[in-house]
Amino acid sequence: MIVVTGATGTVGRDVVRLLIEAGEKVTAVSRHIADAPDGAVPMRADLADAASLRPALEGADAVFLCPAGDLLTGAGSPAEIVEAIEAAGVRRVVLLSSQASETRPEAVSHARLREFEGVLRASGPHWTILRPGGFASNTYAHIPGVRADRTVAAPFGDVGLPLVDPADIAEVAAAALRDGRHDGRTYVLTGPAAVTPREQAAAIGAAIGVELGFTELTREQAMARLSQVMPVPVAEGTLDIMGSPTDAELAISPHVEDVLGRAPRSFAEWAGRNAAAFGTMAG
Ligand SMILES: NC(=O)c1ccc[n+]([C@@H]2O[C@H](COP(=O)([O-])OP(=O)(O)OC[C@H]3O[C@@H](n4cnc5c(N)ncnc54)[C@H](OP(=O)(O)O)[C@@H]3O)[C@@H](O)[C@H]2O)c1
């Protein structure tokens with residue numbers, strides 16, 4: 001049986017679906033989960049309270065560990081979570097970390113993920129660490145502006161990053177959960193090409209059949225928006241990467257292709273698949 005934490009999230013819900021489609025038994029975990037795809041067992045637990053995970057971990061062979069929300073700013077204990085996983089006899093853990101764990105070694109925003117990585121590497125179970133760059137789905141933040149004004153407002157309009165499709169992260173995670181060839185590996189996950197916020201707006205516009213405007217926000221304006229949906233240190237770290245990416249953050253990683261045997265999905269493909277979320281305005 002495989003336990004998927006963050007099972008209602010962007011990556012986790014695809015991991016659950018892919019594992020079920022592959023014939024695995026799955027326990028889908030989050031704090032508020034109410035139902036799960038056919039065949040998966042939903043269970044509520046709070047990663048901030050490691051003991052609450054124990055019932056879900058009974059009989060588990062592998063765990064997808066997705067630290068999110070207040071876990072990233074100090075709630076709970078990475079060591080206690082990994083101890084609970086180890087004590088349950090789990091053989092393999094796949095951690096959803098971040099590329100910035102390595103590229104921003106001093107950043108407060110990613111200190112918690114570095115801690116999860118360190119604790120996991122020192123633990124008993126086999127591990128695979130996934131370090132994605134920015135998610136294509138972060139552009140869901142533009143939905144209100146696109147629906148209301150046909151405009152995307154973002155900072156650093158001409159700074160491109162190789163955003164990764166969360167569906168690719170989920171496919172890599174499902175592969176690593178099922179196949180020991182990925183044990184002990186750390187994978188950097190990116191898309192196939194850098195795409196600037198201005199180009200993202202054009203791709204979303206093409207997907208929904210309308211030309212979108214683009215408004216460049218100042219860092220301060222962007223901070224005011226981001227800090228409403230994520231903790232301030234995480235928002236600061238995100239803006240640092242968006243505005244001044246390092247060479248490593250600009251590089252296209254081969255790891256999605258290494259694991260899946262195909263190129264990563266493009267931002268345009270992500271936008272096409274998610275067009276309905278931005279509203280259909282063609283015609
Ligand atoms: N977005 C990016 O650009 C980016 C880049 C690199 C890495 N990452 C990593 O990816 C992670 C986010 O993945 P995602 O987008 O798939 O997540 P998401 O859509 O934000 O969903 C978070 C999931 O975690 C659950 N959760 C939150 N707090 C929890 C807790 N205390 N105990 C148990 N479950 C909890 C949520 O469900 P409940 O609310 O029901 O608990 C939900 O299922 C981030 O945390 C970050 O570390 C993101």
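A residue counts here as near a molecule when its C-beta atom, placed from the backbone, lies within 6 Å of that molecule. Keep that cut-off in mind as we walk through this predicted model, because it decides who belongs to the shell around the ligand.

Let's start at that shell. Of the 28 residues around the ligand, those that come nearest are Gly-9, Val-11, Ser-30, Arg-31 and Ala-68. By character, the shell divides into 14 nonpolar residues, twelve polar ones and two charged ones. If you look for the element that gives the most to the shell, go to helix α1, residues 10-21, which supplies three residues.

Now step back to take in the whole chain, which has 14 helices and nine strands. Its radius of gyration is 19 Å, close to the 19 Å that the globule rule gives for 283 residues, so the chain is as compact as a globular protein of that length. Measured out along the principal axes, the C-alpha trace spans about 55 × 40 × 35 Å. Buried residues make up 46% of the 283 in the chain. Contacts also reach across the sequence: among those between residues at least 6 apart, 77% join residues at least 24 apart.

What lies inside? In soluble globular proteins, nonpolar side chains tend to be buried together. Here the largest nonpolar core holds 83 residues, and the members that touch the most others are Val-4, Val-15, Val-16, Leu-95, Leu-130, Ala-173 and Ile-204. Helix α7, residues 166-178, gives the most to this core, with eight residues.

Val-4 is a good place to zoom in. Which residues does Val-4 contact once its neighbours within four places in sequence are left aside? They are Gly-12, Val-15, Val-16, Val-26, Ala-28, Val-29 and Phe-64. Two of these partners, Val-15 and Val-16, also appear among the core members with the most contacts to other members.

Phe-64 takes us on to strand β4, residues 62-65. Ala-62 and Phe-64 point one way from this strand, while Val-63 and Leu-65 point the other way, and all are buried. Strand β4 pairs in the parallel sense with β1, residues 2-5, over three bridges, and Ile-2 stands opposite Ala-62 in that pairing. Strand β4 is also joined to β5, residues 92-96, by four bridges, and these two strands run parallel as well. Follow Ala-62 across to β5 and you meet its bridge partner there, Arg-92.

Conventions:
Residues are numbered from 1 along each chain as its sequence is written. This is a predicted model: local features need pLDDT of at least 70, side-chain atom pairs count only at pLDDT 80 or more; totals for chains, interfaces and linings use all residues. Ala, Val, Leu, Ile, Met, Phe, Trp, Tyr, Cys and Pro count as nonpolar, Asp, Glu, Lys and Arg as charged, and the others, Gly among them, as polar. The radius of gyration is taken over C-alpha atoms; the globule rule is 2.2 Å times the number of residues to the power 0.38. A residue is buried if 20 or more other C-beta atoms lie within 10 Å of its own, exposed if 12 or fewer, and partly exposed in between; C-beta atoms are placed from the backbone. Two residues are in contact if their C-beta atoms, placed from the backbone, lie within 7 Å. A nonpolar core is a set of buried Ala, Val, Leu, Ile, Met, Phe, Trp, Tyr and Cys residues joined through C-beta atoms within 7 Å. Two strands pair if DSSP finds at least two bridges between them.
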